[in-house]
Amino acid sequence: MLRVGAGGGVQKVTPKASIAEGMDKLFGADCWEKLQGQEFDCRGAVKLLQAAEPDGPEWLRELKGTASGCELYRAIETVESRAEQQFFEKCSFENAAKGNAIYQHLRGAGHAPAAQGVVSFGGGESVLLEFATLYLFPGSGFDASRAALFSMILRGQRPCAACAQGVRLPVGVGLGARRPVRQQLHT
């Protein structure tokens, strides 16, 4: 988490315990334990789709209830079934948990902003997990119309990191993703 200190400087305050708790809450009670001692790019220690349906994470079960959620679910299936680089990296779980922790910090006691939005141009596995667990998860309380996820970089149309590895992210979701880019830049 980031916090503005008394002198105006930004301080990093993401204790490991908070990230560990977030990883277990989001990805399974033993996620942190399974990933301890593993390298940042370790894959396969945590397998999201192998949990029995009632035991899997709530956000994963509920993704199937919306059009954009179904696209994210299919992207998760692709990551967990592709031949090369199968399953999510340890750092993807950590980064998604950090994103959730920062969001919760911004929404903490007395800190709720009047409006909050998020946009991602491209991105990889951690962006996929963060959007799936928070911004496009119906149970999160986040207004999905204030989320925009673009799977291609607009200038040059290069595929994002996840797309280059065969993962299809939604082309655009949320109200911000539906307006022409020129309009988005001027509002």
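This passage walks through the fold, the core and the charged pairs of a predicted model.

Starting with the overall layout, the protein has nine helices and four strands. Going along the sequence, these elements come in the order β-β-α-α-α-α-α-β-α-β-α-α-α. Of the 187 residues, 41% are buried. Counting contacts between residues at least 6 apart in sequence, 64% join residues at least 24 apart.

Two of the strands sit side by side. Strand E3, residues 118-121, pairs with E4 in the parallel sense, and four bridges hold the pairing together on paper. Within this pair, Ser 120 stands opposite Leu 149 of E4. To get from E3 to E4 the chain goes through H6, giving a β-α-β crossover that is right-handed. In a regular strand, side chains alternate between the two faces of the sheet. E4 shows how that looks here: Ala 147 and Leu 149 point one way, Ala 148 and Phe 150 point the other way, and all of them are buried.

Next comes the nonpolar interior. The largest nonpolar core has 36 residues, and those with the most contacts inside it are Met 23, Phe 27, Leu 48, Trp 59, Ile 76 and Phe 93. Several elements chip in at least two residues each, namely helices H1 (16-27), H2 (31-35), H3 (58-62), H4, H5 (90-106) and H6 (125-135), along with strand E4 (147-150). H6 gives the most, with seven residues. Phe 93 makes a handy example: leaving out residues up to four places away in sequence, Phe 93 touches Met 23, Phe 27, Cys 31, Leu 35, Val 46, Leu 48, Phe 88 and Leu 129.

Ser 92 is found in helix H5. Ser 92 counts as buried because its relative accessible area is 3%, under the 20% cut-off. Setting aside residues up to four places away in sequence, Ser 92 touches Glu 125, Ser 126 and Leu 129. The C-alpha atoms of Ser 92 and Glu 125 are 5.8 Å apart, although 33 residues separate the two along the chain.

Glu 125 leads on to the charged residues. Side chains of opposite charge can pair when their charged atoms come close. The structure holds five salt bridges, and one of them joins Arg 43 to Glu 125, with 2.8 Å from N to O. This pair links distant parts of the chain, since Arg 43 lies in the loop between H2 and H3 while Glu 125 belongs to helix H6, 82 residues apart. Arg 43 is partly exposed at 22% relative accessibility, whereas Glu 125 is buried at 7%. Both residues also belong to a network of salt bridges that links Arg 43, Arg 82, Glu 89 and Glu 125.

Another salt bridge is formed by Lys 34 and Asp 30, whose closest N and O atoms are 3.6 Å apart. Here Lys 34 is partly exposed, at 38% relative accessibility, and Asp 30 is partly exposed too, at 35%. Arg 146 and Asp 143 also make a salt bridge, with 3.8 Å between their closest N and O atoms. Arg 146 is partly exposed at 44%, and Asp 143 is partly exposed at 38%.

Glu 80, in helix H4 (residues 67-81), is a case without such a partner. Glu 80 is buried yet has no salt bridge, and Lys 47, the nearest side chain of opposite charge, is 8.4 Å away. With neighbours within four places in sequence left aside, the contacts of Glu 80 are Val 46, Lys 47, Leu 48, Leu 49, Gln 86, Phe 87 and Phe 88.

Note on methods: Residues numbered from 1 in each chain as written. Predicted model: local features only at pLDDT ≥ 70, side-chain atom pairs only at ≥ 80, totals over all residues. Heavy atoms only, no water. Buried < 20%, exposed > 50% of the residue type's maximum accessible area, 1.4 Å probe, protein only. Lys, Arg positive; Asp, Glu negative; His and termini not counted. Salt bridge = Lys/Arg side-chain N within 4 Å of Asp/Glu carboxyl O. Contact = heavy atoms within 4.5 Å. Core = buried A, V, L, I, M, F, W, Y, C linked by side-chain atoms within 4.5 Å. Pairing = 2+ DSSP bridges. Right-handed = clockwise from strand over helix to strand, strands pointing away.
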